[in-house]
Amino acid sequence: MHPGEGRRSLAAVLADLVERRFLAESSEGAGAYRFENALLRDVIYESLPFQQRQDTHRAIAQWHQDAGLADSPSFWPVLAHHFRHAES
């Protein structure tokens, strides 16, 4: 983003990342994405400060709960993953 451009919506950022082939829509459901490249995912993840990783996992877990995905047993492993990393 360039100065003076203003904030783009999350949807616009995600669409741009999909177009650039950093992300792909996941088969886990609407609004779920995955990295196209595991190495890229790992480099980005490891570059985040630990507290930011925890905060991000916590926010993702909360978003999933608020979206009602916690009611689906098939989604529990994903939810557990984010809660586990939010607390570790």
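The face of helix α4 that is turned away from its buried side carries the exposed residues Pro-77, Arg-84 and Glu-87, and this is a convenient place to enter the structure, which is a predicted model. The buried side of α4 is made up differently, for in this helix Val-78, Leu-79, His-82 and Ala-86 are buried. These buried residues cover an arc of only 100° around the axis, which puts them on the same side of α4. What they pack against is α3, the helix formed by residues 50-66. As for its dimensions, α4 runs over residues 76-87, twelve residues in total, and reaches 16 Å from its first C-alpha to its last, close to the 16 Å expected at 1.5 Å a residue.

Following that contact leads to α3 itself, which has 17 residues that should span 24 Å at 1.5 Å a residue, and this agrees with its end C-alpha atoms, which are 24 Å apart. Its buried residues are Arg-53, Gln-54, His-57, Ala-61 and His-64. They cover an arc of only 100° around the axis, so they are placed on the same side of α3. The cover over these buried residues includes α2, which takes in residues 38-47, as well as α4. Just after α3, Gly-68 takes a positive phi of about 85°.

One residue of this helix can be followed in detail, namely Gln-54, which has its place in α3. Is Gln-54 buried or exposed? Its relative accessibility is 11%, and because a residue counts as buried when this value is under 20%, Gln-54 counts as buried. Leaving aside residues up to four places away in sequence, Gln-54 touches His-85, Ala-86, Glu-87 and Ser-88. Of these, Ala-86 is one of the buried residues of α4, whereas Glu-87 is among the exposed residues on the face turned away from the buried side of α4.

A contrasting case is Arg-21, which lies in the loop between α1 and β1, the latter being the strand of residues 23-25. With a relative accessible area of 61%, Arg-21 is exposed, because the cut-off for that word is over 50%. The backbone of Arg-21 also deserves a look, since its phi is near 70°, a positive value in a residue other than glycine.

Stepping back to the whole chain, the reader can count four helices and two strands in the protein, and from the N terminus on these elements run in the order α-β-β-α-α-α. Of the 88 residues in the protein, buried residues make up 17%. The accessible surface comes to about 6700 Å², and 57% of it belongs to carbon and sulfur atoms. Among the contacts with a separation of 6 or more, 24% are accounted for by residues 24 or more positions apart.

The last feature is an open space. Rolling a probe the size of a water molecule over the atoms shows where empty space is left. The largest pocket has a volume of about 1300 Å³, and of the 33 residues that line this pocket, the closest to its centre are Tyr-33, Phe-35, Thr-56, Ile-60 and His-82. Which elements each supply at least two residues of the lining? They are α1 (10-19), β2 (33-35), α2, α3 and α4, and α3 gives the most, with eight residues. His-82 thus appears twice in this account, as a buried residue of α4 and as one of the residues closest to the centre of the largest pocket.

Notes
Residues numbered from 1 in each chain as written. Predicted model: local features only at pLDDT ≥ 70, side-chain atom pairs only at ≥ 80, totals over all residues. Heavy atoms only, no water. Expected span 1.5 Å × (residues − 1). Buried < 20%, exposed > 50% of the residue type's maximum accessible area, 1.4 Å probe, protein only. Arc of directions from axis to C-beta. Contact = heavy atoms within 4.5 Å. Areas by Shrake-Rupley, 256 points an atom, 1.4 Å probe, with all protein chains shown as cover. 1 Å grid on protein atoms, 1.4 Å probe; cavity = no way out; pocket = protein on both sides within 12 Å on 5 of 7 lines; lining within 4 Å. Points joined across faces, edges and corners; volume = space filled by probe spheres on them.
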